Amino acid sequence: MTELLRIENLTIAPVSAPEQLLVKHVSFALESGKTTCIVGESGSGKSLTALAVMGLLSDQLQRQSGSIIFQGKDIAGWNNQQLRKIRGKQIGMIFQEPMTSLNPVLTVGYQIGESLTEHLGLKGAVLKAKVASLLQQVGIPPERANSYPDELSGGQRQRVMIAMSIACEPAMLIADEPTTALDVTVQAQILKLLDELKSRMQMGMLFITHDFGVVADIADNVVVMFRGEVVESGPVNQVLSHPQHPYTKALLDCVPDAEGLKPLKPIDYAWLKTGVAA
Amino acid sequence: MSMAPDKHILLARGLNKTYSQRSGRFGFGTNKVKALDDVSIALRAGSTLAVVGESGSGKSTLARCLLQLQPLDSGEVMFQGNNLASLSGHALRQERRHLQMIFQDPFASLNPRMKVRDIVGEGLLIHEIGNPREQLEKVSRILERVGLSAGDLNKYPHEFSGGQRQRIGIARALVLEPKVVVCDEPVSALDVSIQAQILLLLKSLQQEMALSYIFISHDLRVVRHIADDIAVMHKGRIVEQGKVAEVYAAPNQDYTRNLLNSIPGRKSLAA
């Protein structure tokens, strides 16, 4: 087991309101060949944490403290020029909405090839063959390289995004809610594909989601975030079966189960704060 | 269906709806899409019928066609002895009072320029129910019932969170004391903790106000908790329907089985 990424004491706040912390002293680690899920509700800071790792925070936000150690190097202070060398090459990224992440006027083959040319200098027939093999790996017929994004279904577009993100065989893949916009049967296929690619390529995967069902399917380790803080983290079985923090317990109680055996319990925020039921 | 017909509050038979789509590179061709293909459903009084399916299955078209918000090509929707599909104008409006809808996106479905009192009270005004004083009373009462307060009467939608806005949407639908409420993905835009609150609220309101729900959803975990009966839609057709517990335990159709097996967290990926 090699440690791929370690985030220590990461704190993020708006430039205009430095005292209003959006991510508070977050620390966790990710190993090669493993999946760490960050799970939380909207506003928990899960996406900001992922954006910070890639150095993609908006100008209005600043990292007040913390280190982001990727393959032994602290990349937290790196400028854009330095980060561009590893983004897409050593760190792949997939986002929620495949349609807005793809350029509508370029063929998907061209878009998959871009990072191969940029980072590895591939051209011509070699590039074409590599694009075809990537499409095959994600389950799309290679001749679709000449298709435009609008000619593909939502699931196929997300497969194209995955092909782009793994093109340079990155050591780490960051996936921010990659299946949230997809139908449930397509979601199951995409999760399976990501899990297989992770194992085959020994990537570390940082997977952002709000869905505990997805966590159960894909995670090795879980980081639960609530209002900018990590409230609990650990191996997936431990966190899902024996949650320690009251928020994790309460959040799990809100998730309807497919068997309909468990009564739904909304979160009692007063109890969370004081430990006394309202 | 073996249920006695008198127990059904809403019966839809043989619904058909076709959309024409432009096709081809420059849109000169047309492409017919059957959004509803001979769809029949029956809603038992006081119960919840879930209509589930993936995107493009026709479930939202069904919701709108049931309420005659969109015209049907053919078929009948029987409610209180009337075929809604044959009504129009005043007669239809009178029936609509008893048929209300709750929408998915609480951000898009509330007019940002209207105060909560006007959004919730609009239906009372349209249906000329009570004088202004009584109307305000009704609006205050339903707001409190859905977990908001009379202090929210003069606020605008943007002053509320997503969950609170969905409560406003529920109050707007229920202030008219309807008999049937069509809920179109009412919790899919909400965080899971808020989702649980809204589902429990819908359930308790159902008992209190003797409501019957048609619950449109793509989320089979939510459906398991809220619905009594289920109709599974695929490409405009209902491929399977029955009691929720029975369909989940032993689906008859491959499509349903595949859908149930895709529920995240239900079985591990390796299986």
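# A tour of chains A and B

Begin by selecting B:R221 and A:D211, whose side chains meet in a salt bridge with a nitrogen-to-oxygen distance of 2.7 Å. Keep in mind throughout the tour that this is a predicted model. Side chains of opposite charge can pair when their charged atoms come close. Across the interface of chain A and chain B the rule finds one salt bridge, although the count of residue pairs in polar contact between the two chains is nine.

**The interface**

Now show both chains together and colour the residues that touch across the boundary: 31 residues come from chain A and 27 residues from chain B. The area buried between chain A and chain B is about 2600 Å², and carbon and sulfur atoms give 58% of that area. If you then pick out A:V184, A:D217 and A:A258, you have the three residues that supply 22% of the area chain A buries against chain B, more than any other three residues.

Which helices of chain A each supply at least two residues of the side that touches chain B? They are α7, α8 (212-218) and α10 (246-254), and the largest share, eight residues, comes from α7(A).

**Helix α7 of chain A**

Select residues 184-201 of chain A, which form helix α7. The helix has 18 residues, which at 1.5 Å a residue should span 26 Å, and its end C-alpha atoms are indeed 26 Å apart, so the two values agree. Along this helix many side chains are worth colouring as buried, including A:V184, A:I190, A:L191, A:L194 and A:K198. Step just past the end of α7(A) and you reach A:Q202, which takes a positive phi of about 55°.

**The core around A:L194**

Next, display the largest nonpolar core, which has 54 residues, and look for A:L116, A:I162, A:L194, A:F207, A:V215, A:I218 and A:V222, the members that touch the most other members. Helix α7(A) gives the most to this core, with six residues. Centre the view on A:L194 and, leaving aside its neighbours within four places in sequence, you will find it in contact with A:I94, A:I162, A:L173, A:P178, A:M205, A:F207 and A:I218. Apart from this core lies another, of 53 residues, among them B:V52, B:M114, B:I142 and B:V146.

**Salt bridges within the chains**

A search of the whole structure finds 21 salt bridges over all chains, and a few of them make good stops. Select A:D220 and A:K198, whose side chains meet at 3.4 Å, N to O. This pair links distant parts of the chain, with A:D220 in the loop between α8 and β9 (221-226) and A:K198 in helix α7, 22 residues apart. Is each partner buried or exposed, or partly exposed? A:D220 counts as partly exposed because its relative accessibility is 25%, whereas A:K198, at 5%, counts as buried.

Then move to A:E229 and A:K24, which form a salt bridge at 3.8 Å, N to O. Here A:E229 lies in strand β10 (residues 229-235) and A:K24 in strand β2 (residues 23-31), 205 residues apart. A:E229 is partly exposed, with a relative accessible area of 38%, and A:K24 is also partly exposed, with a relative accessible area of 26%.

Return now to B:R221, where the tour began, and add B:D219 to the selection, since the side chains of B:R221 and B:D219 meet in a salt bridge at 3.9 Å, N to O. Both B:R221 and B:D219 are buried.

**Helix α6 and two residues of chain B**

Select residues 192-209 of chain B to show helix α6, whose 18 residues reach 25 Å from the first C-alpha to the last, close to the 26 Å expected at 1.5 Å a residue. Its buried residues include B:V192, B:L199, B:L202 and B:Q206, and α6(B) is followed by B:A210, whose phi is positive, near 55°.

From B:Q206 you can go on to B:S47, which touches B:Q206, B:L211, B:S212, B:Y213, B:D228 and B:D229, not counting residues up to four places away in sequence. B:S47 is found in the loop between β2 (29-44) and β3 (48-52) of chain B, and it counts as buried because its relative accessibility is 4%. Its side chain reaches the backbone oxygen of B:R44 at 2.8 Å.

Finish at B:T256, in helix α9 (residues 254-261) of chain B, which counts as buried at 2% relative accessibility. Beyond residues up to four places away in sequence, B:T256 touches B:V232, B:V239, B:E240, B:V247 and B:P251.

Methods: Residues numbered from 1 in each chain as written. Chains lettered and ligands numbered in written order. Predicted model: local features only at pLDDT ≥ 70, side-chain atom pairs only at ≥ 80, totals over all residues. Heavy atoms only, no water. Helix = DSSP H or I, 4+ residues; strand = E, 2+ residues; numbered from the N terminus. Expected span 1.5 Å × (residues − 1). Buried < 20%, exposed > 50% of the residue type's maximum accessible area, 1.4 Å probe, protein only. Core = buried A, V, L, I, M, F, W, Y, C linked by side-chain atoms within 4.5 Å. Contact = heavy atoms within 4.5 Å. Buried area = accessible area lost by both parts, 1.4 Å probe. Salt bridge = Lys/Arg side-chain N within 4 Å of Asp/Glu carboxyl O. Polar contact = N/O pair within 3.5 Å; in protein donor to acceptor, adjacent residues only side chain to side chain.
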